[in-house]
Amino acid sequence: MQPTLRSLILALALTAAVAPAFAQRDARIETLAQQQKQPLLDTLSQLVAIESGSRDLDGLDRIAALVAGRLRALGGQVSVIEPGSAESPEVYRMGDTPERIGKMVRATFEGTGKARILLIAHMDTVYTIGMGARQPFRVDGDKAYGLGIADDKQGIAVILHTLAMLKALDFKDYGRITVLINGDEEISSPGSRALIAKLGAEHDVVMSHEGAYANDDKLSLATAGIGAVTLKVQGKASHAGSAPERGVNAFYEMAHQVLQMRDLSDPATGLKMNWTVGQAGNNRNVIPASAQAMADVRVIKVADYDRLERAIQERVKAQLIPEAKVEAVFERRRPPLEVNATALALAKHAQGIYGELGRTLGADDKVAGGGTDAAFAGLSGKAAVVERFGLQGYGAHSADAEYVLIDSIAPRLYLTTRLIMDVSAGKVPLR
C-alpha cells in the first residue's frame, strides 16, 4: 500500500467516533485504578530515590533488585539478566557503548488462555551520579516531580500496578504476560535490543510504556529510526610552514568527504543525514594527521538504512588525497517503529476503552520525537506494537523540571488493565 493511502486510511480509522460497544465503563476496574493512585505514587517515590544513570552500575543494580522483588511478589517467574551472558549473549557495540552494561529484569506470568502480551519499560536515566539530590521526589498540586520520573520510572510503576490490578481481579485468562525492564535504553540499548527483538517476535501484543506528553494524550504507532556515521581520516603530520608537502592533510580529506556526502538526505522518504560534528588537528602550525566527523541519521523505514549505508560506502571510495586512510563507520542506533494493521487494531481498541471514561486518546502514524525500544520489538512485523502507554508527563532529560501528571494515573491504569483483559478475551482483531 502506498504511504499516502495508508496514512489516510489510518487517520480516518483513528479519528472515527468511538463505537457504542465501548459506552459502558467497568466499575470494578475503575475503582481499582483509583485505589492504586497513591500506591503508584509511593512506588514512584521509591524508584526516583535510586539514581540509575545508564553508566551507574551500582544504581542500576539497586533498582533492578527493587523491580525484581516487586515482580516476584506479584507472582512472576523472575530473572535478572546480564547483557552478554548465556541468556542474552548478543551485544551491539557502538562508539559510546560502555564496557559493562546495565542488567535487565525479566518476569513471566503464565495464564490459562492463549494471548501472549509483552510489557516493556526502562530503568536507566540520562543523569549522572549526584544530580538526584537536586531533584528529589515531591508532589506539588497535580504534578509529581523527580529525576527520571517521566523517562521512564513512571513506565515501570504503571506496569507494576497494572499487574497488581490483574492480581486483585484474579484475572489469568491471558496465555503469558512477559515483562522486560532494561537498563540501557538511554545509550541505545546495546545489551537489550536482541532480547527485546526476540521477545517481540514471540508475542502477539507489545505495550511499551514510555510516557505520553502532558499536553497531548496519545499513543504512538510510529517512531523514527536513529543512526550515526563516524568518518575517520588518518593522514601524516608535518610542519605547516616549512614542509607542508611532506604531510598528508587529514583535514582536507575530511572536508572533501563531508562535502561529497552532504546530499544523501531524501525528503521524499523522510531519510535525513546531517553532518554535525567535525574535529581536526591540535596546532595551527602542524598539518593535521587525523580528523573525524560525525553525522546524525534519521529514517522512517528499516530499508532506508541499507540503501544509505551502501551509498556512504560507495562515496567514501572517491578520495581527494589518495595517501590518506579513510573509514566510514555506520551505526544503527535504533530502527524505526513501523505501523502495521495489528498495531492499528490495538490502538483503535485502546481509544474505545479510553472513551468509556469520557476521555479522548490520540493515536496516529506521524513519526515524531526520539527513538524507542518498541521499535526493536516490532522488527519482526509479527506483533501489534504500540508505544506511550505510560503516564502523561513533561521534562524528560531536564535537570530540574521533570514531572508526571497525577490525574493521568487512574485513566492509564484503567486503559492498560482493560486492554490486557480484552486482548486476552479475543476482543481485539490481531489476526
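In this predicted model, helix α2 (residues 27-35) packs against α3 with the two axes 4 Å apart and an angle of about 40 degrees between them. That angle falls in neither the parallel nor the antiparallel class, and α2 and α3 are therefore oblique to each other. On the α2 side the contact uses Ala33, Gln34 and Gln35, and on the α3 side Lys37, Gln38 and Pro39. Sorted by type, the residues of this α2 and α3 contact come out as two nonpolar, three polar and one charged.

Helix α3 (residues 37-48) also meets helix α4 (residues 57-73): their axes come within 10 Å and cross at roughly 150 degrees. With angles over 145 degrees counted as roughly antiparallel, α3 and α4 are therefore roughly antiparallel to each other. Here Thr43, Gln46 and Leu47 of α3 touch Ile63, Leu66, Val67 and Arg70 of α4. The residues of this contact split into four nonpolar, two polar and one charged.

Next come the sheets. One is an open sheet of six strands, in the order β1-β2-β6-β3-β7-β17, and its pairing is mixed. At its edges stand β1 (77-81) and β17 (384-386), each with a single partner strand, so one side of each is left without a neighbour in the sheet. On average, and ignoring direction, neighbouring strands here are turned by 15 degrees against each other. Inside the sheet, strand β3 (residues 116-122) and strand β7 (residues 205-208) pair in the parallel sense, over four bridges. Within this pairing, Leu118 sits opposite Val206 in β7. Helix α4, already met as the partner of α3, lies across β1, β2 (104-110) and β6 (176-182), and runs at about 5 degrees to β2. Another helix, α9 (residues 341-356), packs on the sheet as well, touching β7 and β17, with its direction at about 55 degrees to that of β17.

A further open sheet has five strands, running β4-β5-β19-β18-β8, again with mixed pairing. Its edge strands are β4 (138-140) and β8 (212-213), each of which pairs on one side only. Strand β18 (residues 392-394) pairs with strand β19 (residues 403-405) in the antiparallel sense, over two bridges. For Gly393, the bridge partner in β19 is Val404. Helix α5 (residues 149-168) packs on this sheet and touches β5 (143-145), β18 and β19, its direction making about 55 degrees with that of β19.

Zooming out, the chain is divided into domain 1 (27-223 + 337-425) and domain 2 (225-334). Domain 1 is thus written as two stretches of chain, with domain 2 numbered between them. The C-alpha centres of the two domains lie 37 Å apart. Their contact draws 19 residues from domain 1 and 11 residues from domain 2.

As for annotation, an unreviewed UniProt entry labels residues 222-320 "domain: Peptidase M20 dimerisation". In the model, the chain over residues 222-320 is 25% helix and 33% strand. The C-alpha atoms at the two ends of that stretch are 40 Å apart.

Terms used. Residues are numbered from 1 along each chain as its sequence is written. This is a predicted model: local features need pLDDT of at least 70, side-chain atom pairs count only at pLDDT 80 or more; totals for chains, interfaces and linings use all residues. Side-chain values use heavy atoms; hydrogens and water are left out. UniProt positions are given in the numbering used here, feature names are shortened, and annotations may be inferred rather than shown by experiment. Axes are lines fitted to C-alpha atoms, for helices over the stretch in contact, and angles run from 0 to 180 degrees between N-to-C directions. Angles under 35 degrees count as roughly parallel, over 145 as roughly antiparallel, 65 to 115 as roughly perpendicular and the rest as oblique. Contact means heavy atoms within 4.5 Å. Ala, Val, Leu, Ile, Met, Phe, Trp, Tyr, Cys and Pro count as nonpolar, Asp, Glu, Lys and Arg as charged, and the others, Gly among them, as polar. Two strands pair if DSSP finds at least two bridges between them. Domain bounds come from an automatic or database domain assignment.
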